[in-house]
Amino acid sequence: MRIRSSRLLHFGLIAVAALGVIALLVFHGPNWGQVWHAFLQMSPWWALAAIFLNFVSCLARAMSWDNVINEAIAKPHPRLIDVFSAFFVGIFANGVLPGRVGEVARVGVLIRRMPDRERPGLWPALLGTVLAHRILEVFPSIALIIWVLTSAEIPPAARTALWGVLAAGIAFVVVGVALARRHERGGEEVEGRFGGMLTRAREGLGILRRPVPSLISTGWQTLGWLLQLCAVYVTLLAFDIHLPLVAAAAVLAVMNVALVLPLWPGNLGVLQAAIAVPLTAYGVPLPQAVAYGLALQAIESSVGYTFGIAALFREGLSVGRLRAMGASDPGRI
């Protein structure tokens, strides 16, 4: 009964937030006729180039996760094609379901393909690799944010938000490395559900104790971010918007800020408003900035949806099954 009440409260808060965003866009938003006109002026060839860059960016990030997995668990390691499949399922789940369901779902998908999936401790170790993968992703994001803060023209509110995300990112890395080193020293285990979750998470953080493999995985993550930055810039060209590369970096940075707290699938509306902030600071008209934000989200989502659905068919899974994976009790994993 208490769980049901908390879910009703959760959905109620989301509904209120969604209504607020809709009201803001309708009564204080751009001229939607001009938004539609700007959208129709988009170059399809540049858009296709952006889609390709996003696809390769996803592959680079999946390669990073594969390297993390190989450092965390003993052989036999999963096949690369299975890692790709699980990774795209995770992207798809994060796009269509609220919360971060995809982070757990990709582990559930991958473990089904492993020959020794009944090995004790395998699932928690793989969950730890997802955490390590996210920690290593913070390094290129920190570099991006510092570049934007020092070089881009952004409003004070956006600058403050980026400083907050930068501080949170550094703290996330520090905590992750501390957890990894605690496991290496064989620290005292904490009893209880929360302590058990921490203990299981440490098992997959092995790469954080090895500098060379960590650099390799961070290199793949950095390549993924660079390709995504190129996709953001190419999408600007699709709208005949010619700005310096740091403006595209500002767009990419605020995009990730807007996606930190996933209120609903894709944070539609919130994401476009966030993207418009740095673009209008560079003199881009609001209707064109909103149209660009819609197109950029569609371009990025098309990769996750297309290959995520293909991976779902390969795995014989449904969206309902992904939701069930995300709702699994971590204490029983």
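**Note on an all-helical predicted model**

1. Burial. The protein chain has 333 residues, of which 46% count as buried. The model under review is a predicted one, and the remarks below concern its computed geometry.

2. Secondary structure. The protein chain contains 13 helices and 0 strands. Followed along the sequence, its pattern is α-α-α-α-α-α-α-α-α-α-α-α-α.

3. Contacts and surface. When contacts in the protein chain between residues at least 6 apart in sequence are considered, 75% of them join residues at least 24 apart. The area exposed by the protein chain is about 16200 Å². Carbon and sulfur atoms supply 69% of that area.

4. Helix 4. Does the length of this element fit its residue count, and what span should be expected? Helix 4 covers residues 80-96, and at 1.5 Å a residue its 17 residues should span 24 Å. The C-alpha atoms at its ends are 25 Å apart, which agrees with that expectation. As for its surroundings, 13 of the 17 residues of helix 4 are buried, so this helix is largely enclosed by the rest of the structure.5. Salt bridges, helices 3 and 6. A search of the whole structure returns 10 salt bridges. In one of them, the side chains of Arg-61 and Glu-137 meet at 3.3 Å, N to O. Arg-61 belongs to helix 3 (residues 44-72) and Glu-137 to helix 6 (residues 122-151), so that distant parts of the chain, 76 residues apart, are linked by the pair. Arg-61 and Glu-137 are both buried.

6. Salt bridges, helices 5 and 6. The side chains of Glu-103 and Arg-134 form a salt bridge with an N to O distance of 2.5 Å. Glu-103 lies in helix 5 (residues 101-112) and Arg-134 in helix 6, so the pair ties together parts that are 31 residues apart in sequence. Glu-103 is buried, its relative accessible area being 12%, whereas Arg-134 is partly exposed at 27%.

7. Salt bridges, helices 5 and 12. Glu-315 and Arg-112 meet through their side chains in a salt bridge of 3.4 Å, N to O. The pair links distant parts of the chain, with Glu-315 in helix 12 (residues 286-315) and Arg-112 in helix 5, 203 residues apart. Glu-315 has a relative accessible area of 6% and is buried; Arg-112, with 37%, is partly exposed. Salt bridges that share partners join these two residues with Arg-79, Asp-82, Arg-113 and Arg-314 into one network.

8. Leu-286 and Gln-34. Leu-286 also lies in helix 12. With a relative accessible area of 34%, Leu-286 is partly exposed. How far apart in space are Leu-286 and Gln-34, C-alpha to C-alpha? The distance is 9.3 Å, while in sequence Leu-286 and Gln-34 are 252 residues apart.

9. Cysteines. The structure holds 0 disulfides. Cys-58 is buried, with a relative accessible area of 13%. Cys-230 counts as partly exposed, at 36% relative accessibility.

Methods. Residues are numbered from 1 along each chain as its sequence is written. This is a predicted model: local features need pLDDT of at least 70, side-chain atom pairs count only at pLDDT 80 or more; totals for chains, interfaces and linings use all residues. Side-chain values use heavy atoms; hydrogens and water are left out. A disulfide is a pair of cysteine sulfur atoms within 2.5 Å. Buried means under 20% relative accessible area, exposed over 50%, partly exposed in between (1.4 Å probe, protein chains only). Helices (H or I, at least four residues) and strands (E, at least two) are DSSP runs, numbered from the N terminus. Contact means heavy atoms within 4.5 Å. Accessible areas come from the Shrake-Rupley method with a 1.4 Å probe; for residues, only the protein chains shown count as cover. A salt bridge is a side-chain nitrogen of Lys or Arg within 4 Å of a carboxyl oxygen of Asp or Glu. The expected span of a helix is 1.5 Å times one less than its number of residues.
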